[in-house]
Amino acid sequence: MRVTVRLFARLREIVGAAEVSRDVTPGATVGALWQDLVRERPDLSRYERSISAAVNADYARMDRELHDGDEIAFLPPVSGG
Amino acid sequence: MEALTRVVADHAGVHGAAVTFLGLVRQLNAGRQVRFLEYEAYEPLALKAFGRIVDELTRKWPSAHVGVHHRTGRLELGEASIAIVAASAHRAEAFAACRYVIERVKQIAPIWKREHFEGGDVWIEGATADPDDDQARSAAERAACA
C-alpha cells in the first residue's frame, strides 16, 4: 500500500519536504508510520509526545489503521492566532 | 472584516450585540524584536477545526453566530493575523463566544507561525492539537466566561 505523508512547520524542515510518499504494510498504523519517519530522521524524535496526526484531513489517533491512498499529516504543536 | 460582519448581519434585528476581535502582529515577543511573522496552515483541516469550534459554541451559546478568518503567509508588524466576529442577542454571549473562538483556535487549529526576529527565526510551538481534550475545551470555556 502507498500513502502520502504531509508535514508542516518545523517537521517539514526536519524532513526537508512538505510531502513524501511511503509504502506501508497492510494493517500498519499512523503510529508505525511515524516511527518509520523517526528512524529515517532521528531529529523528529523530540516531537514524539507533542505531535498530532490527521488522516485524510481529519484528526486521528496513532492507533488508526492506514489504507491505500490515505493522506496522513503530522502536526507539531500549533500556534495560530 | 466586512465579509465577516455580513456573516452576522444576515440575522439583522435578532442580534443585540456584535463583538469583533483582531489578532495583531506585535513587535516585542519574549524579549525579541520581531521583524515579521510567517503563517502556515493545513487548510482543509483548519476549516474543519473552525467548523468544530462553531458547533461547540453553538451548543454552549445557542443564539450566537460567529465568523472567523485566519490569514497565512508573511504578515508585517501591526497587521491582523486573525479576525473574529461574534453576534448574539445579548452582549454577554457575544463577548463569550468571541473569546471562546480565539482560545479554541489557539488550541486546535492546525496553523503555525514562524517568528522572524532581529538575529534569527523560530517556529512558535504552543498547544498539542487534540480536539477531544476536554480539559483544554473547559479551559477555553472558563476563559470565555471570565
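Visitor: What makes the sheet of strands 1, 6 and 4 in chain B an open, antiparallel one?

Guide: This is a predicted model. In it, three strands of chain B line up in the order 1-6-4, with antiparallel pairing, and form an open sheet. Strand 1 (17-24) and strand 4 (65-70) of chain B each have a single partner strand, so they stand at the edges and one side of each lacks a neighbour in the sheet. On average, neighbouring strands of this sheet are turned by 10° against each other, direction ignored.

Visitor: How do you know that strand 1 and strand 6 of chain B pair?

Guide: Count the bridges. A pair needs at least two. Strand 1 and strand 6 of chain B share eight, in the antiparallel sense. For one position, take Ala18(B): it stands opposite Ala87(B) in strand 6 of chain B.

Visitor: Why is helix 3 of chain B called largely enclosed?

Guide: A residue is buried if 20 or more other C-beta atoms lie within 10 Å of its own. In helix 3 of chain B, 15 of the 18 residues are buried, so the rest of the structure largely encloses this helix. Over chain B as a whole, buried residues make up 36% of the 146 residues.

Visitor: Which strands does helix 3 of chain B lie across?

Guide: Strand 1, strand 4 and strand 6 of chain B. Helix 3 runs at about 145° to strand 6.

Visitor: How does the span of helix 3 of chain B compare with the expected one?

Guide: From first C-alpha to last, its 18 residues reach 26 Å. At 1.5 Å a residue, 26 Å is expected, and the span is close to that.

Visitor: Why is chain B called as compact as a globular protein of its length?

Guide: Chain B has four helices and eight strands. Along the sequence they follow the pattern α-β-β-β-α-β-β-β-α-β-β-α. The radius of gyration is 16 Å and the globule rule gives 15 Å for 146 residues; the two are close, so chain B is as compact as a globular protein of that length. Its C-alpha atoms fill a box of roughly 50 × 35 × 30 Å along the principal axes.

Visitor: What share of the contacts in chain B, at a separation of 6 or more, joins residues 24 or more positions apart?

Guide: The share is 73%.

Visitor: How many residues does each chain give to the contact between A and B?

Guide: Chain B gives 26 residues and chain A gives 18. On chain B, the elements giving two or more residues are helix 2 (43-60), strand 6 (80-88), helix 3 (91-108), strand 7 (111-117) and strand 8 (120-124). By class, that side has 15 nonpolar, five polar and six charged residues.

Key:
Residues numbered from 1 in each chain as written. Chains lettered and ligands numbered in written order. Predicted model: local features only at pLDDT ≥ 70, side-chain atom pairs only at ≥ 80, totals over all residues. Contact = placed C-beta atoms within 7 Å. Nonpolar A, V, L, I, M, F, W, Y, C, P; charged D, E, K, R; others polar. Rg over C-alpha atoms; globule rule 2.2 N^0.38 Å. Buried ≥ 20, exposed ≤ 12 C-beta atoms within 10 Å, placed from the backbone. Expected span 1.5 Å × (residues − 1). Axes fitted to C-alpha atoms, helices over the stretch in contact; angles between N-to-C directions.
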